[in-house]
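Student: I would like to go through this model and ask how each statement about it is justified.
Tutor: Go ahead, and I will set each value against its cut-off.

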Amino acid sequence: MPHTSGKMCFVQAYAKINLTLDVLGRRPDGYHELRTLMQTIDLYDTLCLSTSDENCVRVICSQPELNTANNLAMQAAEAVRQRLALSRGIVIELHKRIPLAAGLGGGSSDAAAVLLALQQWWQLPLSPADLLMLAASLGSDVPFFLTGGLALCAGRGEQVTALAGHWPASMRWLLLVKPAIGVSTAAVFRTLPASDYTDGTHSRTVYEALLTGKEPEQKNLYNGLERIVLERYPEVAQAREALLGAGASFVRLSGSGPTLFAPFAELDQAIGVQQQLHEQGYEVFLSRVIYPARGNICVL
Ligand code: C5P
């Protein structure tokens with residue numbers, strides 16, 4: 001248990017990939033109904049929170065374009081202050097490693113990390129349901145990051161069913177390739193034709209396979225946003241070809257992209273492909289799945 005007298009609190013915010021993503025259809029509220037299996041991976045941002053005498057939230061980020069009120073970490077801290085009518089100020093130092101607008105959930109994870117860190121550090125009277133509500137008000141992916149690990153997410157993404165510890169052994173290593181563009185999730189969903197909608201079978205089938213310890217079939221590791229992203233963004237199609245050309249046997253888009261992931265059972269294979277993509281100028285991360293725990297929060 002952290003001591004409450006600490007002056008600062010460090011927390012790690014992990015990225016995610018989507019193992020599957022079924023878009024079922026457009027809802028009356030403008031969001032899309034989803035079934036998606038998400039998994040946290042060991043690529044992370046580091047946040048350091050400290051209190052200040054100013055009655056406001058301030059963000060200092062290694063990427064200056066994030067020093068704005070749009071920053072989800074800042075919005076999370078503001079939401080907590082408003083919900084509990086707190087006047088204590090907060091400074092958030094944010095060391096970004098997860099690429100922005102990449103389909104890896106970086107902003108959402110930062111927001112969830114702030115909620116969890118403040119709750120634990122300040123021992124706030126927020127119930128799990130309060131935290132979930134705050135998270136969902138910040139973004140569709142934020143509730144997933146309150147627990148992380150492997151989970152089936154439904155609704156607009158905020159209904160989370162954990163499935164910890166069932167990641168397939170054939171996907172021990174994950175190579176992530178981030179083409180040098182950002183993709184707007186809103187723009188991808190806005191232009192998604194109904195012909196790309198599915199009924200959720202891919203996600204449900206993979207969920208059931210993993211629950212019973214079976215390897216999921218590749219045809220079900222499906223992302224309903226991939227076709228349109230490959231069509232609209234030639235940089236992503238090129239990166240996919242580069243991965244396949246370098247020896248990856250399977251490549252999938254994460255979320256709305258542009259990041260692609262390729263799973264490998266053996267490290268030497270992953271490293272071989274990583275080197276080739278690196279030589280071609282791509283931003284590449286070699287990663288693995290991770291199951292975050294509350295121990296990620298460190299009060300000093
Ligand atoms: O919830 P979040 O703010 O992260 O979503 C970003 C945008 O992506 C939304 O404004 C919406 O346009 C789109 N979206 C959607 N359906 C979802 C999640 C996101 O249409 N389930």
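Student: How do you know where the ligand sits?
Tutor: This is a predicted model, and in it the ligand sits in the largest pocket. A molecule is said to sit in a pocket if more than half of its atoms lie within 2 Å of the grid points of that pocket. The ligand is placed in the largest pocket, so it meets that condition.

Student: How much space lies in the largest pocket, and which residues are closest to its centre?
Tutor: The space in the largest pocket is about 1200 Å³. It is lined by 48 residues, and those closest to the centre are Leu 72, Ser 108, Asp 141, Thr 185 and Ala 186. By class, the lining has 21 nonpolar, 19 polar and 8 charged residues. Strand 1 (8-26), strand 2, helix 1 (72-83), helix 2 (106-121) and helix 5 each supply at least two residues of this lining.

Student: What makes a residue part of the shell around the ligand?
Tutor: One of its heavy atoms must lie within 4 Å of the ligand. The residues around the ligand are Gly 30, Tyr 31, His 32, Leu 34, Gly 139, Ser 140, Arg 156, Thr 185, Ala 186 and Phe 189. By class, 4 are nonpolar, 5 polar and 1 charged. Helix 5 (185-190) gives the most to this shell, with 3 residues.

Student: Why is the pair between Ser 140 and the ligand called a polar contact?
Tutor: A polar side-chain atom of Ser 140 lies 2.5 Å from an oxygen atom of the ligand. The limit for a pair of N or O atoms is 3.5 Å, so this pair is a polar contact. The side chain of His 32 has an N or O atom 2.8 Å from a ligand oxygen, and a backbone N or O atom of Arg 156 lies 2.9 Å from a ligand nitrogen. Both pairs are within 3.5 Å and therefore count too.

Student: How much of the ligand does the protein cover?
Tutor: On its own the ligand has 450 Å² of accessible area, and the protein covers 72% of that.

Student: What makes Ala 101 and Pro 258 worth a remark?
Tutor: Most residues other than glycine have a negative phi, and most peptide bonds are trans. Ala 101 has a positive phi, near 45°, and is found in the loop between strand 4 (89-95) and helix 2. Gly 257 and Pro 258 are joined by a cis peptide bond, with omega about 10°. Pro 258 is in the loop between strand 8 (252-253) and strand 9 (260-264).

Definitions and conventions
Residues numbered from 1 in each chain as written. Predicted model: local features only at pLDDT ≥ 70, side-chain atom pairs only at ≥ 80, totals over all residues. Heavy atoms only, no water. Polar contact = N/O pair within 3.5 Å; in protein donor to acceptor, adjacent residues only side chain to side chain. Areas by Shrake-Rupley, 256 points an atom, 1.4 Å probe, with all protein chains shown as cover. 1 Å grid on protein atoms, 1.4 Å probe; cavity = no way out; pocket = protein on both sides within 12 Å on 5 of 7 lines; lining within 4 Å. Helix = DSSP H or I, 4+ residues; strand = E, 2+ residues; numbered from the N terminus. Nonpolar A, V, L, I, M, F, W, Y, C, P; charged D, E, K, R; others polar. Points joined across faces, edges and corners; volume = space filled by probe spheres on them.
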